[in-house]
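Reader: I'm new to this one. Could you walk me through it, one question at a time?

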Amino acid sequence: MPILDCHTHILPAEIIVQRERLLVREPWFGLLYANPKNRLAMLPDLLAAMDEAGVSQAVAFGFAFVDMGLCRLANEYVLEAARSSGGCLIPFAVVNPAAGEEAIREARRCLEQGARGLGELMPDGQGFSLEGDALDGLAALARAYGAPMLLHVNEPVGHAYAGKGTQGPKEAYALAVRHPENTFLLAHWGGGLPFYELMPEVKGALSRVYYDTAASPYLYEDAIYRHVGGWAASKILFGSDFPLLTPSRCLRRVRRLGLSAEVEAQILYGNAARLLGLGDMSKGR
Ligand SMILES: [Zn+2]
C-alpha cells in the first residue's frame, strides 16, 4: 500500500547556513529553532527518512517566513526538489499573506510552476488571523487553481510550547465558513476542530476541510486516530512534521492502533490522493 506523508519541511543550504542570523531576524523561526536540537532538513534528509519509513510520496514545503525573499528561496528549492524527485515530492509554496500583492504574485508563480498547494502558512508567525479578510486574495487564487491551503492551527488549551499559536478551531472554522469553496488542510488535527464535526451544522460547513496529524505524538494520545477516525475517517491525512518527527516514528504509532485496514489506508494515502488528485485511488468527493 502506498503511503503519503502530507507535512514535511525542507530548506535550501543557503537558508540553513543563515540559521543563526535568522533566529533574530525572523522571530517565529527564532522561537522554533533557538533550540539547536531542532533540526533543519534538506532534500536528501527527507528522502532518506521516507525510505526508512517506506513512505512513497511526501508533500514538501519550506518554512513560512515573514520575509518574502526567504519564502521565494524556499519555494525555488522545493519546486526544483520536486522536479528532480520523479513524482515522490508534491511541492507546496509558502508566502506571507501579510505581504499582499507580492504574496499573491509569488503564489501564482509557484502554482504555474507546479506547486500543488499553498502552505504551511503560519498565522502567528506571519502576523495574520484566520478570521477576517487576511487570506481573501490567496484563497481566491487557490480556488482558481484548485489548490488546497495548508494552515498551522493550534489547540486552544493544554500545555505551552514553542510555536503554539493563538489561532485555533474557532478561527479555523470562521475561515472555512468565509471560504466555503476552498479546500483547507488544517495542520495538527486542526487544533481540535474535528470534534465539532459531531455538530451537524458544523460538519456541513466543513465539507472541504481536512486535518493532518503533524506532530501528533507531541500533542495527543494516539487514541485520537481511533476517535476522529470514527466519524471523520475520510478527512484525516497522515503527516509527520518532518524533521521535527520522522515519518517512521509516526507510522509505527499509527500501525499499532489496530485501525481497520480500510481506515488505515484512507489515512495513510487514500484521503491525500483524493485531495491532491493523485493516482487511481481518487474516488471523487
Ligand atoms: Zn505547523
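**The sheet and what surrounds it**

Author: Eight strands form an open sheet in the order 1-2-3-4-5-6-7-8, with parallel pairing. Helices (H or I, at least four residues) and strands (E, at least two) are DSSP runs, numbered from the N terminus, and two strands pair if DSSP finds at least two bridges between them. This is a predicted model, where local features need pLDDT of at least 70 and side-chain atom pairs count only at pLDDT 80 or more, while totals for chains, interfaces and linings use all residues. Residues are numbered from 1 along each chain as its sequence is written.

Reader: Which strands stand at the edges of the sheet?

Author: An edge strand has a single partner strand, so one side of it is left without a neighbour in the sheet. The two in that position are strand 1 (4-9) and strand 8.

Reader: What is the bridge partner of Leu150 in strand 6?

Author: Strand 5 (residues 149-151) and strand 6 run parallel, joined by three bridges. Leu150 has its bridge partner in strand 6, and that partner is Leu185.

Reader: Which residue in strand 7 stands opposite Leu186?

Author: Strand 6 (residues 184-186) runs parallel to strand 7, and three bridges join them. Together with helix 10 (residues 200-205), these strands make a right-handed β-α-β unit; that means that, with the strands pointing away from the viewer, the path from the first strand over the helix to the second runs clockwise. Opposite Leu186 stands Tyr211.

Reader: Which residues of strand 7 point the other way from Val209 and Tyr211?

Author: In a regular strand the side chains alternate between the two faces of the sheet. In strand 7 (residues 209-212), Val209 and Tyr211 point one way, and all four residues there are buried (20 or more other C-beta atoms within 10 Å of a residue's own, against 12 or fewer for exposed and partly exposed in between, with C-beta atoms placed from the backbone). Pointing the other way are Tyr210 and Asp212.

Reader: What is the bridge partner of Asp212 in strand 8?

Author: Strand 7 pairs with strand 8 (residues 236-237) in the parallel sense, over two bridges. For Asp212, the partner is Leu237.

Reader: Why are the buried residues of helix 12 on the same side?

Author: Helix 12 (residues 223-232) has Tyr225, Val228, Gly229 and Ala232 buried. The arc is that of the directions from the helix axis to the C-beta atoms. These residues are on the same side of helix 12 because they cover an arc of only 110°.

Reader: And which exposed residues does the face turned away carry?

Author: On the buried side, the cover includes strand 8, helix 13 (247-255) and helix 14 (261-276). The face turned away from there carries Ala223 and Gly230.

Reader: Which helix gives the most to the largest nonpolar core?

Author: A nonpolar core is a set of buried Ala, Val, Leu, Ile, Met, Phe, Trp, Tyr and Cys residues joined through C-beta atoms within 7 Å. The largest has 85 residues, and Ala60, Leu118, Leu151 and Leu186 have the most contacts inside it. With eight residues, the one that gives the most is helix 5 (residues 68-84).

Reader: Is Leu46 buried or exposed?

Author: Leu46 is found in helix 4 (residues 43-53). Its C-alpha is 7.4 Å from that of Ile10, though they are 36 residues apart in sequence. Leu46 has 24 C-beta neighbours inside 10 Å, so it counts as buried.

Definitions and conventions: Contact = placed C-beta atoms within 7 Å.
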